[in-house]
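Me: I am new to this structure. Please explain the labels as we go.

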Amino acid sequence: MKRWIGIAFVLGILVGGLGVMRSQQAATATQRIMQFENDDVKVWKSIVVPNAPLSMHRHEHGRVIIALRGGTMKIVEQNGASEAHVWDTGKAYWLPANAPGTMHADVNAGDQPMEVMVVELKKDK
């Protein structure tokens with residue numbers, strides 16, 4: 001019986017350690033984690049760390065940004081123009097579809113990871 005308790009204890013420590021390692025990795029790499037998708041909407045969580053911008057991309061449809069961990073996101077257009085968006089933790093924001101033929105990169109302008117939930121509509125009104 002004591003042996004099984006010891007094995008369970010060791011397994012608990014190993015599993016806990018993996019969870020810590022995973023959360024540390026999340027804090028050091030920009031990620032996009034799918035949450036839900038159907039014919040109407042696509043939902044993902046983005047974790048954007050400083051000095052690890054998202055690659056150039058575009059959004060064909062409008063989207064709601066919900067700041068789970070806020071900060072300042074710099075949106076850099078492919079032509080070099082940029083604008084800063086300050087997203088407060090716990091608040092939601094609307095971003096329209098990108099203009100045709102444009103692309104942008106998202107850059108965390110702060111010194112802490114930002115975490116946002118993105119709800120992108122797949123259909124126009």
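**Strands, a sheet and a pocket**

Reply: Start with one contact: phenylalanine 36 has valine 43 in strand 2 as its bridge partner. The model is predicted, so local features need pLDDT of at least 70 and side-chain atom pairs 80 or more, while totals for chains, interfaces and linings use all residues. Residues are numbered from 1 along each chain as its sequence is written, and side-chain values use heavy atoms, without hydrogens and water.

Me: What makes strand 1 and strand 2 a pair?

Reply: Two strands pair if DSSP finds at least two bridges between them. Strand 1 (residues 31–37) and strand 2 (residues 41–48) have six bridges, in the antiparallel sense. Therefore they count as a pair. Strands here are DSSP runs of E, at least two residues long, numbered from the N terminus. A hairpin of three residues joins strand 1 to strand 2.

Me: How do you know that strand 2 also pairs with strand 8?

Reply: Strand 2 and strand 8 (residues 114–121) share eight bridges and run antiparallel. The cut-off is at least two, so they pair. One bridge sets isoleucine 47 against glutamate 115 in strand 8.

Me: Why are strand 1 and strand 6 called edge strands?

Reply: The open sheet has five strands in the order 1-2-8-3-6, with antiparallel pairing. Strand 1 and strand 6 (92–95) each pair on one side only. From one strand to the next, the twist averages 25 degrees; axes are lines fitted to C-alpha atoms, and angles run from 0 to 180 degrees between N-to-C directions.

Me: Why is asparagine 51 called exposed?

Reply: Asparagine 51 has a relative accessible area of 79%. Exposed means over 50% (1.4 Å probe, protein chains only), so the label fits. Asparagine 51 sits in the loop between strand 2 and strand 3 (63–69). Its phi is positive, about 65 degrees, although it is not a glycine.

Me: What makes a space a pocket?

Reply: On a 1 Å grid over the protein atoms alone, a pocket is an open set of points with protein on both sides within 12 Å along at least five of seven lines. Lining residues have an atom within 4 Å of a point. The largest pocket holds about 200 Å³. It is lined by 17 residues, with Ser46, Leu54, His57, His59 and Asp106 nearest its centre.

Me: Which strand gives the most to the lining of the largest pocket?

Reply: Strand 2 does, with three residues.

Conventions
Helix = DSSP H or I, 4+ residues; strand = E, 2+ residues; numbered from the N terminus. Buried < 20%, exposed > 50% of the residue type's maximum accessible area, 1.4 Å probe, protein only. 1 Å grid on protein atoms, 1.4 Å probe; cavity = no way out; pocket = protein on both sides within 12 Å on 5 of 7 lines; lining within 4 Å. Points joined across faces, edges and corners; volume = space filled by probe spheres on them.
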